[in-house]
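Let's take a walk through a protein chain together. Have a look at the sequence and the 3D view, and then we'll pick out some spots to visit.

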Amino acid sequence: LPEYAFIGRSNVGKSSLINMLTNHSKLAMTSSTPGKTLLINHFLINNSWYLVDLPGYGYAQRGKKVMENIKNLIQHYVLERIQMTCLFVLVDSRLEPQKIDLQFIEWLGENSVPFALVFTKSDKQSAGKTKQNVERFLDTLKEQWEELPPYFITSSEKKTGRQELLDYIESVNRTLQ
Ligand code: GDP
């Protein structure tokens with residue numbers, strides 16, 4: 001079955017997004033303490049695809065050794081999993097483009113990993129501000145990429161962007177059949 005993996009900086013809202021997508025409130029553990037997910041969790045959705053929860057990256061307070069282990073885990077998963085159809089990279093829509101996200105995306109490009117962007121927490125500021133941050137992020141990517149990836153704007157709080165994401169996954173699944 002195809003796998004769609006979710007990744008992002010710790011505290012970006014990944015667990016909340018996974019819970020929104022799957023309609024569970026406690027499937028992926030949400031936490032105000034960043035960096036809780038250390039394992040790779042697989043969730044079977046509609047008997048047709050796997051949602052893969054990858055550990056958050058870029059939480060320096062965890063210590064060098066742990067960060068190195070997480071990095072290896074992520075790299076191993078992303079590069080070895082041939083059944084991974086798309087990697088959703090979560091980006092906090094409140095922030096201007098963050099170096100760590102841009103570097104991770106650059107690494108995906110160098111390794112030809114297919115990805116899409118999910119801008120999270122859009123309810124936290126005005127729609128105008130979200131749009132501005134999203135555009136800045138995409139403009140930054142345009143400096144290095146000929147083509148922009150698919151992208152989605154979500155709020156797990158307001159439950160927005162859910163259907164768009166699920167529709168996208170289903171449409172990609174259909175092309176694989
Ligand atoms: P993770 O570390 O990436 O899994 O992040 P979590 O899903 O645990 O979320 C981190 C914090 O951000 C928690 O306090 C969540 O309640 C909050 N959060 C996550 N998504 C949203 C959202 O869409 N809107 C708002 N307002 N808060 C969110």
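Is F115 buried or exposed? With a relative accessible area of 9%, F115 is buried, because anything under 20% counts that way. Keep in mind as you look around that this is a predicted model.

So who does F115 pair up with? That would be W145: the two ring centres are 5.4 Å apart and the planes sit at 75°, so this pair is edge-to-face. An angle over 60 degrees is what earns that label. The partners come from distant parts of the chain, since F115 is in strand β5 (residues 115-120) and W145 is in the loop between α4 (127-142) and β6 (151-153), 30 residues apart. Unlike its buried partner, W145 counts as partly exposed, at 24% relative accessibility.

There is plenty of this ring pairing to find, as the structure holds 11 aromatic pairs. Try F6 and F88 next: their rings are stacked, 4.8 Å centre to centre with 20° between the planes. Here too the pair links distant parts of the chain, with F6 in strand β1 (residues 3-8) and F88 in strand β4 (residues 84-92), 82 residues apart. F6 counts as buried because its relative accessibility is 0%, and F88 is buried with a relative accessible area of 0%. Now zoom out a little: ring pairs link F6 and F88 with Y4, W49, F152 and Y168 into a cluster.

Time to move on to the helices. Find helix α3 (residues 99-110) and helix α4, which pack at an angle of about 40° with their axes 12 Å apart. What do we call that arrangement of α3 and α4? The two helices are oblique to each other, because an angle under 35 degrees would be needed for roughly parallel. Their crossing is right-handed. If you want to see where they touch, look for D101, L102 and I105 in α3, which meet F137, T140 and L141 in α4. Sorted by class, this contact has 4 nonpolar, 1 polar and 1 charged residues.

One last stop: S112, in the loop between α3 and β5. S112 has a relative accessible area of 63%, so this residue is exposed. How far is S112 from L79 in space, C-alpha to C-alpha? The distance is 9.2 Å, although S112 and L79 are 33 residues apart in sequence.

Key. Residues are numbered from 1 along each chain as its sequence is written. This is a predicted model: local features need pLDDT of at least 70, side-chain atom pairs count only at pLDDT 80 or more; totals for chains, interfaces and linings use all residues. Side-chain values use heavy atoms; hydrogens and water are left out. Rings of Phe, Tyr and Trp (its six-membered ring) pair if their centres lie within 6.5 Å; planes under 30 degrees apart count as stacked, over 60 as edge-to-face and the rest as tilted. Helices (H or I, at least four residues) and strands (E, at least two) are DSSP runs, numbered from the N terminus. Buried means under 20% relative accessible area, exposed over 50%, partly exposed in between (1.4 Å probe, protein chains only). Axes are lines fitted to C-alpha atoms, for helices over the stretch in contact, and angles run from 0 to 180 degrees between N-to-C directions. Angles under 35 degrees count as roughly parallel, over 145 as roughly antiparallel, 65 to 115 as roughly perpendicular and the rest as oblique. A crossing is left-handed if the near helix is turned anticlockwise from the far one by less than a right angle, and right-handed if clockwise. Contact means heavy atoms within 4.5 Å. Ala, Val, Leu, Ile, Met, Phe, Trp, Tyr, Cys and Pro count as nonpolar, Asp, Glu, Lys and Arg as charged, and the others, Gly among them, as polar.
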